[in-house]
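Reader: I'd like to learn how to read helix packing and a ligand site. Could you walk me through them?

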Amino acid sequence: MRYISTRRGPNTPTRSFSDILLEGLAPDGGLYLPEEYPTLSQSDLDELRIVLREDGYAAMAAGIISLFVDDIGADDLSAITARAYRAPSFSDPQIVPVDALEGTGLHLAHLSGGPTAAFKDMAMQLLGELFEYELTRRGDWLTIVGATSGDTGSSAEYALRGREGLSVVMLTPAGRMTAFQRAQMFSLLDENIVNVAVDGVFDDCQDLVKAVNMDADFKATWHVGAVNSINWARLLAQVCYYVATWLRVTEEGADASSKVSVVVPSGNFGNVCAAHIARQMGVPLGTLVVATNENDVLDEFFRTGVYRPRSSADTLATSSPSMDISKASNFERFIFDLLGRDGDATRALFDDALARDGYFDLSGTPEFASLRDTYGFTSGTSSHADRLAEIARTEKESGYLLDPHTADGVHVARALRSQIEGPLVVMETALPVKFAETIQEATGHLPPVPPRFEGIEGREERVTPLANSAEDLKALIAARVRPGA
Ligand SMILES: *Cc1c(COP(=O)(O)O)cnc(C)c1O
């Protein structure tokens, strides 16, 4: 399997999986995708069903990932997924259990059983294994420099802690995370994890990361890299749980016509892009519902055909904060497919139109008409009041406590339930324990603390304060990162 860029010219060379594993954007500014999606026939799905049932999630994931990777041997790949997806690092040995949400006609696929109680762990745990494997193979090392306002940073740290050849320097805006998120990150005392509290807001943190990356000499000396949301391997990890979800929901008597639909709480369009890829591969997914919060750029596109990203100043701070995104970094991958994989047309939209006009408009085009019928997409949105009401209602009627992001999904799912045939699964993206304040507001009580997170807010913490200065950040990296470690 070779990889191409969404903005490729006809003569651009293709790359292998291991080539693109440690990279972000392609040199032409596009995103990497496989040259074509491998397909799963009915008998392939039957075989994966047996593997999932008898050997478990990790073995099934290795089977799927191997279709996309031809430069890591089958045994190594199986060992990698077995280390990435296991209990007790995931709370349930099924890794992604799927069950009915009582009284709603909906299912929940539980993606948040990993070490940080957010679905980002599904991708990061695999990425951590793959990075260590590839760096060891090359005899190379990497300093991951990132900025986070919550989920991504802690998920990356738990995936990379204690790893050979990897250091993590993670910038956070001082005093602006929830108590739980802060405790989760700052209580990691591993030598290769450097938590930094910047005197500034999240955008300042991102600007500092950019400044370090612009200094080519510094970047080369310290082998600066990233684990951002456009990394192909993260998406690939996510494709696997859509296959597992379909297999679990159709456990009895499934055939090629047993369609399952999914509702995906969305921000950067990574999670639902993986659903799209699984569907393109032949997994019988019916409708793919994009659920947004008040930051509804994606809902606007699927309703009207207009994609109009917003600046961070125009992005609202909501009670489902991990979806507060107004420029969906993975969206270009889907548009590339939608445009018949035309790299020039994709570039014209994402490079030219967005830079020139700030939006593009596909309304009235055959592509827009195909969104629903050919690609199965539809969308919906919810507000703070909707998600509070949904959390309270679902707890009362079903006896299950939703986190605010999953509540966005359940709200949209209930609204669309009667229009969608067959099973409808909401992807659960986080656990309520991370968002105590919103749960309290919705229900009048605090969320229960799962045993593995008990006492986390009282643990020893380590964090380095930093002025909002790129020079200070470079000095900190030079002082704290051990080259080659
Ligand atoms: C990251 C995140 C999302 C959004 O996922 P995307 O892949 O960016 O669309 C939704 N919910 C939670 C809890 C998240 O952490």
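Reader: At what angle do helix 16 and helix 18 pack, and how far apart are their axes?

Author: Happy to start there. Two packed helices are described by the angle between their axes and the distance between those axes. In this predicted model, helix 16 (residues 384-398) and helix 18 (residues 436-443) pack at about 70 degrees, and their axes are 8 Å apart. Angles of 65 to 115 degrees count as roughly perpendicular, so helix 16 is roughly perpendicular to helix 18.

Reader: Which residues of the two helices make the contact?

Author: Helix 16 contributes His-384, Leu-388, Ile-391, Ala-392 and Glu-395. From helix 18 come Thr-438, Ile-439, Glu-441, Ala-442 and Thr-443. By class, the residues of this contact are five nonpolar, three polar and two charged.

Reader: Now the ligand, please. Which residues come nearest to the ligand?

Author: There are 15 residues around the ligand, and Lys-120, Asp-151, Gly-267, Asn-268 and Asn-271 come nearest. The shell divides into five nonpolar, eight polar and two charged residues.

Reader: What distances separate oxygen atoms of the ligand from polar atoms of Lys-120, Phe-269 and Asn-271?

Author: Let's take them in turn. For Lys-120, a side-chain N or O atom is 2.6 Å from a ligand oxygen. With Phe-269, a polar backbone atom is 3.1 Å from an oxygen atom of the ligand. Asn-271 also offers a polar backbone atom, 2.9 Å from a ligand oxygen.

Reader: And how much of the ligand's exposed area does the protein bury?

Author: Taken alone, the ligand exposes 390 Å², and the protein buries 96% of that.

Methods:
Residues are numbered from 1 along each chain as its sequence is written. This is a predicted model: local features need pLDDT of at least 70, side-chain atom pairs count only at pLDDT 80 or more; totals for chains, interfaces and linings use all residues. Side-chain values use heavy atoms; hydrogens and water are left out. Axes are lines fitted to C-alpha atoms, for helices over the stretch in contact, and angles run from 0 to 180 degrees between N-to-C directions. Helices (H or I, at least four residues) and strands (E, at least two) are DSSP runs, numbered from the N terminus. Angles under 35 degrees count as roughly parallel, over 145 as roughly antiparallel, 65 to 115 as roughly perpendicular and the rest as oblique. Contact means heavy atoms within 4.5 Å. Ala, Val, Leu, Ile, Met, Phe, Trp, Tyr, Cys and Pro count as nonpolar, Asp, Glu, Lys and Arg as charged, and the others, Gly among them, as polar. A residue is near a molecule or strand if one of its heavy atoms lies within 4 Å of it. A polar contact is a pair of N or O atoms within 3.5 Å; within protein, one must be able to donate a hydrogen and the other to accept it, and residues adjacent in sequence count only if both atoms are side-chain atoms. Accessible areas come from the Shrake-Rupley method with a 1.4 Å probe; for residues, only the protein chains shown count as cover.
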